[in-house]
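Dear colleague,

I am passing on a structure for you to look over, with some notes on its charged pairs and its surface below. Please read them with the coordinates open.

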Amino acid sequence: MKARIKWVEQATFLGETESGHAVVMDGPPDHGGRNLGPRPMEMLLLGMGGCTSFDVVSILKKARQPIRDCVAEITAERADTDPKVFTRIHVHFIVTGQDLKEAQVKRAVELSAEKYCSASIMLGKVAEITHDYEIVAG
């Protein structure tokens, strides 16, 4: 896997992926940015959220669960001093579907957290990561 990050100006960078996608990252105005995109540390949370959400949806589909929607709400805390690594991350899944089995949703979240989500397992080496879920009928 490869990525390329190009400095554009001030605190703005363009991240390009090997698969041909690009995203603008920028800093806040008090750090010379213009707030044109997410911060790099926010990108880490988005990447982890995307990774674990992909797992949960895939596992539930393979279990033939009638999933209609999946939202992962992530809250994180960082250290106060440099390097300001993540110290705690919590992922709250909101899974929507008609007659979803709670045991299957619980299993999907656990499998992602413990076995499949490379991003959360990697970040779990430095941060305490917790998960919970709610099921919405619909």
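In what follows, a residue is called buried under 20% relative accessible area, exposed over 50%, and partly exposed in between. The model is predicted, and the values below should be read with that in mind.

By that scale R88 is partly exposed, because its relative accessible area is 47%, and its partner E77, with 41%, is partly exposed as well. The two form a salt bridge in which the closest N and O atoms are 3.5 Å apart; it links distant parts of the chain, since E77 belongs to strand 4 (residues 67–78) and R88 to strand 5 (residues 86–97), eleven residues apart. E77 and R88 are also linked with E128 in a network of salt bridges.

The count of salt bridges comes to five. Another of them joins E9 and R34, whose closest N and O atoms are 2.4 Å apart. Because E9 lies in strand 1 (residues 3–9) and R34 in the loop between strand 3 (22–26) and helix 1 (40–62), this pair ties together parts that are 25 residues apart in sequence. E9 is partly exposed at 33% relative accessibility, and R34 is partly exposed at 45%.

Within helix 2 (residues 102–116), K106 and E110 are four residues apart and so separated by about one helical turn; they form a salt bridge with the closest N and O atoms 3.5 Å apart.

Finally, I5, W7 and F13 make a nonpolar surface patch of about 330 Å², in which F13, a residue of strand 2 (residues 12–17), is partly exposed with a relative accessible area of 32%.

With best regards

Note on methods. Residues numbered from 1 in each chain as written. Predicted model: local features only at pLDDT ≥ 70, side-chain atom pairs only at ≥ 80, totals over all residues. Heavy atoms only, no water. Patch = residues over 30% accessible without salt bridge, like charges linked within 9 Å, V, L, I, M, F, W, Y side chains within 5 Å. Areas by Shrake-Rupley, 256 points an atom, 1.4 Å probe, with all protein chains shown as cover. Salt bridge = Lys/Arg side-chain N within 4 Å of Asp/Glu carboxyl O. Helix = DSSP H or I, 4+ residues; strand = E, 2+ residues; numbered from the N terminus. Buried < 20%, exposed > 50% of the residue type's maximum accessible area, 1.4 Å probe, protein only.
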